[in-house]
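Visitor: Could you take me on a close look at one part of this model, the second chain, with an eye on what sits inside and what holds distant stretches together? Feel free to wander a little at the end.

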Amino acid sequence: MPKGLTGNRLLLGVALLFLGLGLWQLGGAGLIQGKAWLAQRLLDRAWADTLAGADAVKPWPWADTWPVARLQVAALDIDLFVLAGASGRSLAFGPGQVEGTEALNHNIMGGHRDTHFAFLQHLEEGHRFRLQDRSGAWQSYVVRGQAILDVRQEVIARPGRERQLLTLVTCYPFDAITPGGPLRYAVTAEAIPGEAVAVADEHGPLGDEISLGEDGGAPLPGGTT
Amino acid sequence: MRHEMLPYRPFSLIPPQMVKACLRAVFVIGGALVILALVMVLVLAAGRLSSAYGAEAGEEMPSGLFFRGAEQGTGLEAPTLSSDVTMAVNGMVNRVTVRQVFHNPTSQWMEGIYVFPLPDGSAVDRLTMTIGERQVEGRILEKAEAERAYKAAAENGQRASLVSGERPNVFVTSVANIGPGENITVEIGYQDAVAFDTGVFSLRFPMVVAPRYTPAPRLIAEEQPAPAPLQPAVGSEPDDARDLFGPVSTKKKRNPLSLTIDLNAGVTLESLRSLHHPVVIESRDYGRQRIALSNASVPADRDFVLEWTPTASAAPRAAVFAEQVGEDSHLLVMMLPPDTTAVRQIAQEPQPAPMPRELVFIIDTSGSMFGDSLDQAKTAVIAALKRLNPEDRFNVIQFNSETHALYRRPMAASVANVARAFHYVSALEADGGTEMAPALDLALTGGAADGKLSQIVFLTDGAVGNEHELFELVADQLGDSRLFTIGIGSAPNSYFMRKSAELGRGSFTHIGDLEEVASRMETLLAKLENPALTDIRLGWPNAAGKDVEAYPGPLPDLYAGAPVTFTARLGGVALEDLEGQMLVTGTGVEGPWQQRLKLMGLKEAPGTASLWARAKLEAIEDRLYETGRGDIDRTAVRADALALALEHSLVTRYTSLVAIDDQVARPQGETLESQEIERNLPDGWDAGKVFGSAEKVEAEPGLLRQLALPAPLLQQAEVGGQAVLLPQGATPAERMLIIGLAYLLLGLALLALVYRRSRTTHSNQGAALA
């Protein structure tokens, strides 16, 4: 047999193995991004049903979460459905609402820094965005500041006094490669009073007066498990 | 078939070619794996790095979410510090003793370092260290020498303390070898002059050094004023600029301070008040007053200001204080020109139509101005805008990291323009760094061309570390303009503002409170509208001798209500030999003005000599900023300043006071831990606005202030909150992407190799066949 051929075959095998591994990893990355994108599309219908009065509408039959709010940042062209619960499983599909802070009048939502909440790095003090709750009422918020927190220490949520607070949380730094670092980037926004205006939504059962009467936007109901 | 015709066969089972090929393949695969491993290691290291980077960020960063205040303190406990200040005011001379008690609560031997401010004109001339019953007197040494002596003693285990000047108004005490549980008291004595303006005496005691913004790139250049080769006799050490950003306590107020003042005003008083601290005033014999803080101690976080007003009839027209040291007499002279404008000013009678002016307001909108400070500045500017006349021109410039002006050049103060300025000023917000130079530059270069009086009103907290660079700018570009500085906030850098006003031939006003804004601005604006008394000169009698040195020289312009103040040394003249009158002349609104002053039966005031030395020192250092200078002889400036400082045992940037105990206290085996004592953030300052997040503060304070947080959220910090678990917000997608790409690249490279090798094998075979 010609010399080197055996070696070549071995090399070829290894090359194909590497190519396979590479494609597998890339596919995995693509899947994460794809899931994140697709889920939001599927959530659209579930949210419409929610606004129509249904409770805890699962976007797909095997889902273990459901949309609780809709977040829009006009300046950054962001339109997201927020899911109940901020477990890793639900965060893959959309930003999730951390449960148990209703009493504080301070909502906390988590999201992935490389998918849904990548825009947080561009969200600056004074920026406005709005949040639609399950009643269909929109509440405008204005960003009051951001902070970097280390979760190895206990993190305390400040109660929203006269005004509802909303904090969006994601991992930090934004350009880190490996997930799982201890830092979080938190953007805190304050509800703008008097801007709780119900947008005439075809699914919104509630009229103007009622949603205005809710004063500063009703706290979003956390997931009812 | 003949064996010879057959291809060569080896003896072993495996042909050598195959062994070679296998070896090569192993080599290639091994190499590839090594590369892969390297890539993985790098990726992981990057991840590790980013989490290590995160670990430093574990400081408190207030926001909607924050950390529980308790037990997150890291590292070593530092020594604690309490200060006790006693002042003895005698007329216009104020002798102050600051007792700093360093307590070491730990079980280790400690070195404590504390950065603290003193009034800008203060002459620090005494240091006493007390350990238990024993007292050790400090001596003045050239700075580097003092530091060496201190370090040697510290290493040797002797208790030692060092007081050195970082800036003319910022000092540092270092105390070495404080034993476990021990107290060491450091007593610092300084001389200060009481200020007098528009009928009011005032003294200021700053309590905290605000963290200062130093534009990064130029720091080294301007903080080393003597980089040129130095005479060895003087020493070769350039001043190390201490980072005044320093450790600052953002959590709770510390460093308690108590303060008592023995006031011998020498005149009957109409009013006496402390501006920012509640005090208890106790009247004593002979019109003396004793003033103490109502709270036994306060956190050292804002300036203490005491003001007293003499009754109208007792208001002094002139005062001379004297001290004889050796053969020389030293005088401190304060004299109020009995100017008609001044009288009108105090009586608040209508003014004659003032000269048309060009007023440029510069407002500092950096992060340190956030909150009350900016509100004060806004109120002040709006008050000033209201007083403009239609003939005046004006402009408003704001600066933080960037400079922005309302108009490109000063505009007529028409109703519409002023209204626009109101809106502009009201909408200002504080954030970002403190880049003063471009704003000053802009204001100074726009000087009035048509002979209008050009006045620049500069409102800032002066939280900058690059004072010298800015002084040079002012001195260089001033032209015919006048620079008036207004210090804003609870702890402004008044040295910077007073000095720039001096170089800018204007004046410095301090506003510490929103309530003060109206009255202070009123005073300042009246000053601005009143023509100055210029070209002030001194004439001395023969009895004063030939060797008279008076500072500041030349005397600055005067505005209504301000007195002529100067110090003088009469070389070789004893106090009792002094007689006759001195003459002060100047040019006022209504022509030449002059006043005589008796030089007999003068009040003795110890400390006058120190004040004179301090004024002279400043004059020597001013040579560094002289305009039209080709090359400044920095060596000579330094040598002159050093000689003077050593003679009067003054702490300057060339000299330090050091006290060393003879006894060796620290046992051989024990190590010495060094800790800088955390300072308070000045009252009203917002930690979030100043630091943003702690991690990058050192790297780039200005930039990082973007990560700051507004006060409305901060102020809720004390109320309860709820602990939350923050979700993890990242996917492995990016890592997978990178690893995937690395694999793909490797695979492709190997494919290419296989392709090349198969081609060469084929051509080899072809050649062999041919």
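Guide: Of the 770 residues in chain B, 54% count as buried, and keep in mind throughout that this is a predicted model. The secondary structure of that chain comes to 16 helices and 38 strands. Its accessible surface is about 33,500 Å², with 54% of that belonging to carbon and sulfur atoms. Now look at how the chain folds back on itself: take the contacts in chain B between residues at least 6 apart in sequence, and 77% of them join residues at least 24 apart.

Salt bridges give you some nice examples of that. Over all chains, the structure holds 24 of them. Start with Glu142(B) and Arg638(B), whose closest N and O atoms are 2.8 Å apart. Glu142(B) sits in strand E7 (residues 139-142) of chain B and Arg638(B) in helix H12 (residues 634-647) of chain B, so this pair ties together parts that are 496 residues apart in sequence. Are these two charged partners buried or exposed? Glu142(B) has a relative accessible area of 8%, so it is buried. Arg638(B) counts as buried too, because its relative accessibility is 1%.

Next, go to Arg569(B), which has two acidic partners to check out. One is Asp328(B), with the closest N and O atoms of the salt bridge 3.7 Å apart. That link also spans distant parts of the chain: Asp328(B) is in strand E21 (residues 328-335) of chain B and Arg569(B) is in strand E31 (residues 564-570) of chain B, 241 residues apart. Both Asp328(B) and Arg569(B) are buried. The other partner is Glu549(B), and here the closest N and O atoms of the salt bridge are 3.0 Å apart. Since Glu549(B) lies in strand E30 (residues 548-551) of chain B and Arg569(B) in E31 of chain B, the pair ties together parts 20 residues apart in sequence. With buried meaning under 20% relative accessible area, Glu549(B) makes the cut at 16%, and Arg569(B) does so at 14%.

While you're around E30 and E31, have a look at the loop between them in chain B, where Pro552(B) has its place. The peptide bond from Tyr551(B) to Pro552(B) is cis, with omega near -5°.

If you like your charges in groups, try Arg498(B), Lys499(B), Glu502(B), Arg614(B) and Glu618(B), which are linked in a network of salt bridges.

Now for helix H8 (residues 467-477) of chain B. Why call it largely enclosed by the rest of the structure? Because eight of its eleven residues are buried. In H8(B), the buried set is Glu467(B), His468(B), Glu469(B), Leu470(B), Phe471(B), Leu473(B), Val474(B) and Ala475(B). Just after H8(B), Gly479(B) takes a positive phi of about 60°.

On the other side of that helix, find Gly462(B), in the loop between strand E26 (453-460) and H8 of chain B. Gly462(B) has a relative accessible area of 0%, so it is buried. What is it touching, once you leave aside neighbours within four places in sequence? Gly462(B) is in contact with Met436(B), Asn493(B), Phe496(B) and Met497(B). You can also check its C-alpha against that of Pro492(B): the two residues are 30 apart along the chain, and those atoms are separated by 5.9 Å.

For a helix pair, go to H5 (residues 372-386) and H6 (residues 415-426) of chain B, which pack at an angle of about 175° with their axes 10 Å apart. Angles over 145 degrees count as roughly antiparallel, so that is what H5(B) is to H6(B). Where they meet, H5(B) brings Lys378(B), Val381(B), Ile382(B), Leu385(B) and Lys386(B), and H6(B) brings Val418(B), Ala421(B), Phe422(B), Val425(B) and Ser426(B).

One last backbone stop in this chain is Ser649(B), with a positive phi of about 40° although it is not a glycine. Ser649(B) lies in the loop between H12 and strand E35 (655-664) of chain B, and at 23% relative accessibility it counts as partly exposed.

And here's the wander: over in chain A, Asp77(A) is another non-glycine with a positive phi, of about 55°. Asp77(A) is found in the loop between strand E1 (67-73) and strand E2 (78-84) of chain A, and its relative accessible area of 72% makes it exposed.

Notes:
Residues are numbered from 1 along each chain as its sequence is written. Chains are lettered from A and ligands numbered from 1 in the order in which they are written. This is a predicted model: local features need pLDDT of at least 70, side-chain atom pairs count only at pLDDT 80 or more; totals for chains, interfaces and linings use all residues. Side-chain values use heavy atoms; hydrogens and water are left out. Helices (H or I, at least four residues) and strands (E, at least two) are DSSP runs, numbered from the N terminus. Buried means under 20% relative accessible area, exposed over 50%, partly exposed in between (1.4 Å probe, protein chains only). Contact means heavy atoms within 4.5 Å. Accessible areas come from the Shrake-Rupley method with a 1.4 Å probe; for residues, only the protein chains shown count as cover. Axes are lines fitted to C-alpha atoms, for helices over the stretch in contact, and angles run from 0 to 180 degrees between N-to-C directions. Angles under 35 degrees count as roughly parallel, over 145 as roughly antiparallel, 65 to 115 as roughly perpendicular and the rest as oblique. A salt bridge is a side-chain nitrogen of Lys or Arg within 4 Å of a carboxyl oxygen of Asp or Glu.
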